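New to this one? Let's walk through a few of its strands together and see who pairs with whom.

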Amino acid sequence: MKLFLSEGNPHCLKALAALQVTQAKCDVQYVNHEDKVVPFLSRPALPALLLPSGQHLFSPNAICRYMFEVSAQDSSVLCDQWLEWEATNLQPALVHALHVAVLQGKGSEVSKIIQGPLNYLDQNLSKGKTTYLAGESVSAADIVLWAALYPLFSDSTVPTSEHKTVTLWFNHVNGMNACQSSAQKVLQGKGLQGMKSYVQKQPAPQSSRDVQPSTSSPVEGDDGERIVSEEEMEAAALNYSKGLSTFQEAERKHPILPQEGKRNILLTSALPYVNNVPHLGNIIGCVLSADVFSRYGRLRGWNMLYVCGTDEYGTATENKAREEGLTPQQICDKYHAVHSDIYKWFQIDFDFFGRTTTQKQTEIAQDIFWRLHKHGFLVEDTVEQLRCENCQRFLADRFVEGVCPFCNYPEARGDQCDKCGRLINAVELKEPQCKVCKQTPVIRTSKHLFLNLPKLEKQLEQWLDKSTGAGDWTANAKQITRSWLRDGLKPRCITRDLKWGTPVPHSDFKEKVFYVWFDAPIGYLSITANYTDQWEKWWKNPLQVELYNFMAKDNVPFHSVVFPCSLLGAQDNYTLVNHLVATEYLNYEDTKFSKSRGVGVFGDMAKETGIPSDVWRFYLLYVRPEGQDSAFSWADMALKNNSELLNNLGNFINRAGMFVTKFFEGCVPVMDLQQEDKRLLALVSWELHQFIQLMDKVKLRDALRHILNISRHGNQYIQVNEPWKKIKGGDTERQRAGTVTGVSVNVSCLLSVMLLPYMPTVSQTIRDQLNAAPSCINTMLQGSGIFVCALSAGHRIGTVSPLFQKLEAEHIETLKKKFGGQQSQTTAASSASPAPAVVPAPAADASAAGAVDPEKAKLLTQAVTEQGEKVRALKAQKAEKAAITAEVAKLLDLKKQLAAAEGKSPEPASQKKKK
């Protein structure tokens, strides 16, 4: 990466400070204010960040956000809201203030100009309970707001003392060495006067009416009114006038192969276990997210191949076959069809959906095995395994459950703990149980083959540095991978004592099969090989192909460490993952999905609800767990359908189309653009640019918000201009009604294109109703996005009808009960993403004292252990005293609850003595 800066530019202070704080790997070059660094912009834009892909970022806030992201410090929703507030509310006031202070020398007047936003910032900081704007650690929001305010706050002529909380926060950030160093380099210690040449080259600030800061809270996510410049409006109007391009993307022809001169993307989603019916969390975590990005990539003109399939080998399949009285192959055939039907209903547009029980899988897995053997990356060892004497078999890791030896989580699996994420050997589990019969297994020894990960560690680290630096890895993927490397890699067993699996070809191990996590990722290759015999053009072509892996976070180590080591050790020029996209967990209401208890919606049940698959897609993507765990909620789904889809998006598109039908006999009227229309075009164009930037970074949930923002802008535009009234007036008013209607229906056409990856059927329906040309799909999303007039004057639209139906409360309540199972009896300890047990405080009723509750005591013991570890970690990190005190208070409260649950009298705090 390369960062271009200019001295005296306060926006460059943001970017340099973000670089210094995050310590991201990036070269820095200073240029003049008027130097054009970004080739496609008509005017200079600094700072600018040249990415490894050759693309540029030139929004200072986006650059700061990116710096934190590449350093595995993903921005939170709150952080993003503060960044938006800074750009739309604080910046206009600061531009005016700097003009007055630097060019007019009236520093004493500055406080009046920025009083509104400072009051607002002061109130939010006073109400907040965190050290920084978005939490207990410095975020991009802190750096951006600090840098924006630095020129004024560091000048003695500008009074700021009345905003004490802001001053306290500012001094806290300002005390960081990285911030001090950046300020010295960019402003050269000259304060406001060091910015004179920069400010002189900026356009005069808009009127005071335009720079009045909104008091809307970024916490509430209010969009506010974005300030649009004359230049933006004229540029948007010029783009709009260009109309559609004649180019139309050719239909997909199979087999899809890499093409010279195109961006070739190979896209996979984690292979679902064949014998598990996928629930909503599985669907959003893997196949749906990948489908949205795949559809988007095709709209962008990228050459995409999206493959997936069912993972069919292993003990789970053998057990399922025994339960149903079928052979393992029959079980695989049966459930492969179930998966395929579910994904078709959800409109998952795979290029090929295969399976792992194929001859190609055997050939490729055994070839990789022999290559690892040849290059000395396999070792033999005798291992202890758990064997269930009752079931008369060695137990696969996922068929053993017990207490985690690292964090004491009571439901750890035999291969990994879902709570702390650590890998486990099944024999290390405390209190192990066979998941099939609940009996305690015994330990037996067996000879196995191991992948020598320590021998590959250096090679892996070199590759990871390159891939995570240049690619779009989610923060959790980076963190999980880094924790593995920090702990040091250990040899990983790749064989198992099973029957149903890919056979190990070595004569000494002919009774064994490959362990599923060595074998399953090779399924990506074999599935591609079953799609085309030219599969190596994708999988042995790292210079021409980019590989995206989609998965939930529990699959990360196998895709970022184990599988890459297998391919690196094979030394056959394999394509390794460039972009690893991992979601957090999606819970169901306040518990976890459970097929056996009837809790949650599973893929084969969704169509029974009568809710269209596009609405399911929309809501799952709206709550997609991108940065943290999220939850499916029936009430929230109804709310989002009725407010966002029906009243916002659907209302706007339907009104625009109906105006054309009712007032203009079904033909798009002539449009004579006024300033208000150009302002809408500029607002829509900005939302489109943001959408593309986020989608390029696979921020699918955040990008969806910008689609909904466009329809909100459109609804407001229609409401203010009232075309239904103006159509009844004179020629001028009728012309105005025509312009508003024509622009609105063209915004609807743009929305249909942006919606296509998310809601393909709704997207097609809109385009059918508008009778839009197919070329609109390929025009709008090229480059950084261009909003053109796709429906010119005289264009005849089709029949307009409502797109969405209201979800009634009675219907939703019925569905909630139907899929609720026994969840009302479940405890907080059963959440899908394991967390410290949340136990209600004991009642104040004295009669409850002394009552023993063993179950609650067990949960509280675990919670106390975890909270104690958290306190120790904070102390070791020399965290802020306030943060440590708060966590200690939580620990003491948990200990009191534990004492009560054990029937003891809690020791009064006053009796405790410091050691």
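**Following strand S17**

Let's start with a pair: strand S5 (residues 264-269) runs parallel to S17, and 6 bridges join them. Strands here are DSSP E runs of at least two residues, helices are H or I runs of at least four, and both are numbered from the N terminus; two strands count as paired if DSSP finds at least two bridges between them. Before going on, keep in mind that this is a predicted model, where local features need pLDDT of at least 70, side-chain atom pairs count only at pLDDT 80 or more, and totals for chains, interfaces and linings use all residues. Residues are numbered from 1 along each chain as its sequence is written, and side-chain values use heavy atoms, with hydrogens and water left out.

Back to the pair: Ser 269 has Phe 550 in S17 as its bridge partner. S17 itself covers residues 545-552, and 7 of its 8 residues are buried (under 20% relative accessible area, with exposed meaning over 50% and partly exposed in between; 1.4 Å probe, protein chains only).

S17 also pairs in the parallel sense with strand S18 (residues 579-583), over 5 bridges. There, Asn 549 stands opposite Leu 580 in S18. To get from S17 to S18, the chain passes through helix H19 (residues 556-570), making a right-handed β-α-β crossover: with the strands pointing away from you, the path from the first strand over the helix to the second runs clockwise.

Now for another sheet. It is open, with 4 strands in the order S9-S8-S13-S14 and antiparallel pairing. Its edge strands, S9 (393-394) and S14 (492-493), each pair on one side only. For S14, that partner is S13 (residues 442-451), joined by 2 bridges, and Phe 450 is matched with Cys 493 in S14.
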